[in-house]
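Work through these exercises with the model open. Each one sets a task and then solves it step by step.

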Amino acid sequence: MGSFVDNYLSRWELDPDESHDTAIKAQPLLGLYKQEKSRGSESVTVRFTLRGPRGFARNLALAQQISNNKRNSEYFRYTIPYGRYEGSILFTLEELVKAEADPEYGADLLDSNMESGIAGCAQELVYQLNGDLGGSFGTATFHSALSGARPVFSLNFASTPEVLGRIQVGDHVEVSTADGTATTDTTIAAAGVVIDRDTDTGYLQVAPTSSPATAANPGGWDDTGATTYYVYRLGDQQKGVPESILVPWGAYIPINRSTGTLYGVNRGADTFLSGVRLLAAESTGTYSRRAKKLVAKCMNRLGSEKAAIGTSQILSFNPEDFDVFEDQQNARVERTVEKTAVDGYEAIQVRTSLGVMNVIAEPSQKKGYARLISPKLLKMVSMTGKMINIVSFGMGNGMLRAKDGSNDFELRPFFMGQHVVGAPQAHGIFAL
């Protein structure tokens with residue numbers, strides 16, 4: 001009879017549907033997307049219109065004059081290369097030895113690490129979706145000196161502590177003076193290991209990778225606090241190529257209108273090609289009032305293609321902003337005095353001129369902004385049709401194998417596909 005490692009760990013197979021379902025369960029935002037299998041092309045092509053053919057007039061000659069000048073004048077197409085995201089889940093020698101002695105422990109070890117690993121991969125993809133263009137998760141200054149609650153050799157995120165929800169102790173971070181939107185952007189060569197995180201005070205204490213237990217300058221960082229750095233998880237700086245992992249919402253629907261070209265679409269031709277937004281003067285009133293304004297503006301100015309959006313939309317808030325939104329809604333309701341009073345809402349829907357809008361709290365959503373999403377047009381296009389896949393090595397070895405140069409075993413989840421939002425005018429953003 002073979003060992004547990006041979007019979008179980010090195011030959012364990014996970015149904016692709018199960019890994020996909022685990023990812024969706026862990027990150028409900030991904031459940032809004034239609035999962036579509038690619039047809040083997042080198043890129044994803046997304047066609048959309050603003051209004052369609054425009055060749056109409058009081059007589060045929062004039063109609064033909066219009067159509068001959070620019071046939072089907074509102075026709076656009078994104079052509080987006082596939083992105084890629086890979087992971088490594090390790091099982092140590094000590095864990096494998098325990099698993100061999102106790103197969104029940106080993107089965108539980110594998111299942112828990114598989115599920116948490118796939119969920120973690122899905123979580124990182126969602127943070128990529130809603131992350132800043134360029135790949136950073138925030139800006140900070142680096143300080144070698146102790147200051148109040150902030151320890152030595154720490155990155156100071158005092159004004160935006162909420163961005164640290166994405167980071168955990170043990171993560172590797174890089175810094176750069178560049179925001180990652182240019183192809184020439186680089187990070188400082190040395191990465192730091194996070195050894196302490198404080199999401200209240202807003203700091204990350206770091207150590208060099210060569211000595212990960214001792215706080216110190218990773219190498220070459222300005223630790224006087226004089227430089228404001230963009231901070232990235234290791235490998236996340238996009239270097240001007242946002243599609244390298246997947247195209248974030250910030251590329252399709254930027255905070256301010258773009259007049260540049262995005263994947264073959266010249267957005268200088270129409271404001272709707274950058275999505276819908278409220279101007280500063282329009283972004284007033286309660287959050288619900290602003291959302292209704294945005295939908296009404298979209299419906300009124302979009303034209304005939306509004307039917308493509310559907311009658312149900314999603315309004316996404318950072319949970320801390322959702323708390324304000326919920327409180328605003330709660331304050332507008334009269335309540336009868338009762339022995340037991342219930343305060344707050346479990347779910348909130350807003351009726352708009354276009355239909356029902358469901359309001360959600362999404363941790364990866366940038367604080368200070370609300371995003372309007374039309375789920376009917378959302379797609380994740382992948383090579384396999386699944387959100388998360390597991391590398392299978394073939395030759396009877398299954399999904400786990402010994403890691404080169406060590407006695408650890410490794411499982412490798414991956415995503416290979418692209419995020420597409422369909423017609424950009426169906427989605428929007430406004431400041432809070």
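**Exercise 1. Describe the lining of the largest cavity, and say how much space lies in it.**

Step 1. List the lining. In this predicted model, the largest cavity is lined by Tyr127, Gln128, Gly131, Asp132, Gly135, Ser136, Arg166 and Gln238.

Step 2. Sort the residues by class. One is nonpolar, five are polar and two are charged. Glycine counts as polar here, so Gly131 and Gly135 go with the polar group. Tyrosine counts as nonpolar, so Tyr127 fills that class.

Step 3. Add the volume. The space in the largest cavity comes to about 40 Å³.

Step 4. Check for others. The whole structure has one cavity of 30 Å³ or more.

**Exercise 2. Characterise the largest pocket by volume, centre, contributing elements and chemistry.**

Step 1. Start with the volume. It is about 640 Å³.

Step 2. Find the centre. The pocket has 25 lining residues, and Asp132, Phe137, Gly138, Val163 and Lys366 are the closest to its centre. Asp132 also appears in the lining of the largest cavity.

Step 3. Name the elements. Helix H5 (103-130), strand S6 (138-143) and helix H8 (319-331) each give at least two residues to the lining.

Step 4. Sort the lining. It holds seven nonpolar, eleven polar and seven charged residues.

**Exercise 3. Do the same for the second largest pocket, and find which element gives the most to its lining.**

Step 1. The volume is about 350 Å³.

Step 2. Of its 18 lining residues, those closest to the centre are Val276, Arg277, Leu278, Leu279 and Lys297.

Step 3. Two or more lining residues come from each of strand S14 (276-277), helix H7 (287-302) and strand S24 (428-431). S24 gives the most, with three.

Step 4. By class, the lining has ten nonpolar, four polar and four charged residues.

**Exercise 4. Place Ala431: which element holds it, and is it buried, partly exposed or exposed?**

Step 1. Locate the residue. Ala431 belongs to strand S24.

Step 2. Apply the cut-offs. Buried means under 20% relative accessible area, and exposed means over 50%. Ala431 has 35%, so it is partly exposed.

Step 3. List its contacts. Beyond neighbours within four places in sequence, Ala431 touches Ser283, Arg290, Gly368 and Tyr369.

Step 4. Compare sequence and space. Ile255 is 176 residues away along the chain, yet its C-alpha atom is separated from that of Ala431 by 8.3 Å.

**Exercise 5. Decide whether Cys121 and Cys298 are buried or exposed, and count the disulfides.**

Step 1. Cys121 has 7% relative accessibility, so it is buried.

Step 2. Cys298 has 3% relative accessibility, so it is buried.

Step 3. A disulfide needs two cysteine sulfur atoms within 2.5 Å. The count is zero.

**Exercise 6. Summarise the whole chain: secondary structure, burial, contacts and surface.**

Step 1. Count the elements. The chain has eight helices and 24 strands.

Step 2. Gauge the burial. Of the 432 residues, 47% are buried.

Step 3. Look at contact range. Take the contacts between residues at least 6 apart in sequence; 74% of them join residues at least 24 apart.

Step 4. Finish with the surface. About 21000 Å² is exposed, and carbon and sulfur atoms supply 49% of that area.

Note on methods. Residues are numbered from 1 along each chain as its sequence is written. This is a predicted model: local features need pLDDT of at least 70, side-chain atom pairs count only at pLDDT 80 or more; totals for chains, interfaces and linings use all residues. Side-chain values use heavy atoms; hydrogens and water are left out. Helices (H or I, at least four residues) and strands (E, at least two) are DSSP runs, numbered from the N terminus. Buried means under 20% relative accessible area, exposed over 50%, partly exposed in between (1.4 Å probe, protein chains only). Contact means heavy atoms within 4.5 Å. Accessible areas come from the Shrake-Rupley method with a 1.4 Å probe; for residues, only the protein chains shown count as cover. On a 1 Å grid over the protein atoms alone, a cavity is a set of points where a 1.4 Å probe fits but cannot get out, and a pocket is an open set with protein on both sides within 12 Å along at least five of seven lines; lining residues have an atom within 4 Å of a point. Grid points are joined across faces, edges and corners, and a volume is the space filled by probe spheres set on the points.
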